[in-house]
Amino acid sequence: MSALVEVADLSVHFEVRQWGFLRLGAVQAVDRVALTLAEGESVAIVGESGCGKSTLARTLLGLHRPTQGEVRFAGRELSGLRRGELRAYRASAGYVQQDPFGATAPFLDVRRILAEPLIIQGVGRDEREARIRAALEEVHLTPVEELLGKFPHMLSGGQQQRLVIARALILGPRLLVADEPVSMLDASVRVEILELLRRIQGRRRLTLAFITHDLSTVRHYAERIFVMYAGRLVESAPVDALLDAPRHPYTQALLGAIADPDAANARRQRELPAGEPPSLLDPPRGCRFHPRCPHAMAGLCDRDDPPDFDVGERHRSACWLHRE
Ligand SMILES: Nc1ncnc2c1ncn2[C@@H]1O[C@H](COP(=O)(O)OP(=O)(O)OP(=O)(O)O)[C@@H](O)[C@H]1O
């Protein structure tokens, strides 16, 4: 499989200022992340709230500029794109946000919401109408005729997220970034929306980056998992290897914290280690997980940054435990 997205040594830091001028420091939301997504691959990026998942996702979409490092899409570096090229890139990369309610303008009807990206790309009226109808069919927002004139507040939460998905797909992207696409929805519609995304991903051979804090759902929706902690990528592996034999102490703790309904797995129900993720304004030296890690080695983990170690087939873990 050829690479579609290549991220190298990527850092995204946000300057924090008081009264607009006094520099307090920088939030290291994403720090020295490297990853590659293959064309047609479905991956999940997981981690606790505030670990930098959304910042990474938005940087893949060209919405944040890297502080350091680069993001390449189909071989082209995003920060080197000119305005017209960036517009073309936006057509290649769809975005499904967490909050479907806030993602659409309340005063536009469904037809107009879906027409907007097509108008920006200069698509003519007849073709627009045909593509809008096809998009609504694809996400099962039917009967199409009835839906076209509705406004977002007339739709249920699940219907609104289908609309957001239709809009993300309408320009025929090669990459779809879905940031916690079901976390604001009722439990009853979550599976439907996840199934829909999976079917569309398979049918269109899309590269799907699925951002979530919920490891319990990813087995069904991703081929590979990337685990983030405090702005860093700490482990990546094919989904079965990561869920069945996690190697990084943070992933092990995260998995242990999942309430697993399967009694055979009840022994895995542990708590995350005490403490909070560190402040990204002043992250700990060495491994960022070391203050919470049960295996932390004094003089090493609190001093030196662990590199990525190969611990299996396409399985990498950034932990000093693997150094032999
Ligand atoms: N524009 C910004 N300016 C300053 N700090 C920011 C900005 N955007 C994000 N951050 C900070 O960067 C860190 C990572 O945030 P991010 O939203 O990427 O995490 P996340 O893992 O997606 O969390 P959540 O699941 O809660 O959305 C947080 O500390 C957040 O406060």
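Which helix and which strand each supply at least two residues of the shell around the ligand? I began with this question and found that strand 2 (22-38) and helix 1 (53-60) each do so. Helices here are DSSP runs of H or I with at least four residues, strands are runs of E with at least two, and both are numbered from the N terminus.

**Basis of the entries.** I note that this is a predicted model, in which local features need pLDDT of at least 70 and side-chain atom pairs count only at pLDDT 80 or more, whereas totals for chains, interfaces and linings use all residues. Residues are numbered from 1 along each chain as its sequence is written.

**Ligand shell.** I looked up the surroundings of the ligand and found 13 residues there (each with its C-beta atom, placed from the backbone, within 6 Å of the ligand), the closest being Phe14, Ala29, Ser49, Ser54 and Thr55. Helix 1 gives the most to this shell, with 3 residues. By class, the shell holds 5 nonpolar, 7 polar and 1 charged. I count Ala, Val, Leu, Ile, Met, Phe, Trp, Tyr, Cys and Pro as nonpolar, Asp, Glu, Lys and Arg as charged, and the others, Gly among them, as polar.

**Helix 4 and helix 5.** Two packed helices are described by the angle between their axes and the distance between the axes. I read that the axes of helix 4 (residues 110-120) and helix 5 (residues 125-138) come within 10 Å and cross at roughly 120°. Axes are lines fitted to C-alpha atoms, for helices over the stretch in contact, with angles from 0 to 180 degrees between N-to-C directions. Helix 4 and helix 5 are therefore oblique to each other, as angles under 35 degrees count as roughly parallel, over 145 as roughly antiparallel, 65 to 115 as roughly perpendicular and the rest as oblique.

I then recorded which residues meet: Arg111, Leu114, Ala115 and Leu118 in helix 4 face Arg128, Arg131, Ile132 and Ala135 in helix 5. Contact requires C-beta atoms, placed from the backbone, within 7 Å. The residues of this contact divide into 5 nonpolar, no polar and 3 charged.

**Leu155.** I located Leu155 in the loop between helix 6 (144-147) and helix 7 (157-169). Is Leu155 buried or partly exposed? Leu155 is partly exposed, because 19 other C-beta atoms lie within 10 Å; 20 or more would make a residue buried, 12 or fewer exposed, with C-beta atoms placed from the backbone. Leu155 and Phe101 are 54 residues apart in sequence and 9.7 Å apart in space, C-alpha to C-alpha.

Technical notes:
Contact = placed C-beta atoms within 7 Å.
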